[in-house]
Amino acid sequence: ENGAAKVLISGSGNSRPSVTFEQVVTQQKDEAIEDLVHRAALVGLARIDPYITALNLMRRHEFDKDFADVLGLIEFTKGQLPPTQNNPDRSLLENLQGIVALFGGDPAIAHAWFQQAVDSSPDNVIALLNLAFADLQIDHYQPAVDRMRDLVTLHRPADPVVLCTAYATWAAARLGGHDINGADELMALATEADPGSAMAYNLWSDVK
């Protein structure tokens, strides 16, 4: 149309299959057809499953640190979510915002996003682990200890990788507080939880 190609995308999303969408993506100036098709595919994927699309874009830009498209997609998607206090979908997106902040070298902002993700969904264990990791980045060792102790003792994860990560994060917090013996004991539990974790053995060697 008027010398420019257009792509019509229509379908329905994963989270709400009954809700259909239709969107036209127009070729930009000097944009190759291949680039237009790629961009249209991303637009369609973002409408079908925005979280997976944002995660994919974040990993694609892990090295060049150009997260503009990721953050734009996250903000747009969050704007479509209901403003309920407990919202697991919003929590997933806020957790990604925290990771982007870590990539950007801003642990304080990352900490705030991880806290928001936990507030949006207290059952989001990954956000809780990331929050404790962010605690370590800003030298808040005791809060990290408290979070991981409560996680392991009150809501013990069944997944061995998650349990190992919880113990390792707890140990790192102990190490930050100069409790080397406590960190050593926790790393023994971490390797017991997931004997195949190279990360755990690497951290345990640091403790030793």
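The following exercises, each with a worked solution, concern the cores and pockets of a predicted model.

**Exercise 1. The nonpolar cores**

Determine how many residues the largest nonpolar core has, and which helices supply at least two residues each.

*Solution.*
Step 1. The largest nonpolar core has 34 residues. Those with the most contacts inside it are Met148, Tyr167, Trp170 and Met187.
Step 2. At least two residues of this core come from each of H5 (107-120), H6 (125-137), H7 (141-154), H8 (160-176), H9 (180-193) and H10 (198-207).
Step 3. Of these helices, H8 provides the largest share, 9 residues.
Step 4. A second, separate core has 11 residues, among them Ala46, Phe67, Leu73 and Leu93.

**Exercise 2. The surroundings of Met148**

Identify the residues in contact with Met148, leaving aside its neighbours within four places in sequence.

*Solution.*
Step 1. Met148 is among the residues with the most contacts inside the largest nonpolar core.
Step 2. With the sequence neighbours set aside, the contacts of Met148 are Leu128, Leu129, Ala132, Ala166, Thr169 and Trp170.
Step 3. Trp170, one of these contacts, is likewise listed with the most contacts inside the core.

**Exercise 3. The largest pocket**

Describe the volume and the lining of the largest pocket.

*Solution.*
Step 1. The space in this pocket amounts to about 960 Å³.
Step 2. The lining consists of 36 residues, and Ala46, Arg47, Pro50, Phe76 and Thr77 are the closest to the pocket centre.
Step 3. Two or more lining residues are given by each of strand S2 (20-26) and helices H1 (33-48), H2 (50-60), H3 (68-80) and H4 (88-103).
Step 4. Sorted by class, the lining comprises 16 nonpolar, 13 polar and 7 charged residues.

**Exercise 4. Thr77**

Is Thr77 buried or exposed?

*Solution.*
Step 1. Thr77 belongs to helix H3.
Step 2. The relative accessibility of Thr77 is 11%, and the cut-off for a buried residue is under 20%. Thr77 therefore counts as buried.
Step 3. Apart from neighbours within four places in sequence, Thr77 is in contact with Pro50 and Leu93. Pro50 is listed with Thr77 among the residues closest to the centre of the largest pocket, whereas Leu93 is included in the second core.

**Exercise 5. The second largest pocket**

Establish which helix gives the most to the lining of the second largest pocket, and how the lining divides by class.

*Solution.*
Step 1. This pocket has a volume of about 290 Å³.
Step 2. Its lining has 15 residues, with Leu129, Phe133, Leu136, Thr165 and Thr169 nearest the centre.
Step 3. H4, H6, H8 and H10 each supply at least two lining residues, and H6 gives the most, with 6 residues.
Step 4. The lining has 11 nonpolar, 4 polar and no charged residues.

Note on methods
Residues numbered from 1 in each chain as written. Predicted model: local features only at pLDDT ≥ 70, side-chain atom pairs only at ≥ 80, totals over all residues. Heavy atoms only, no water. Core = buried A, V, L, I, M, F, W, Y, C linked by side-chain atoms within 4.5 Å. Buried < 20%, exposed > 50% of the residue type's maximum accessible area, 1.4 Å probe, protein only. Helix = DSSP H or I, 4+ residues; strand = E, 2+ residues; numbered from the N terminus. Contact = heavy atoms within 4.5 Å. 1 Å grid on protein atoms, 1.4 Å probe; cavity = no way out; pocket = protein on both sides within 12 Å on 5 of 7 lines; lining within 4 Å. Points joined across faces, edges and corners; volume = space filled by probe spheres on them. Nonpolar A, V, L, I, M, F, W, Y, C, P; charged D, E, K, R; others polar.
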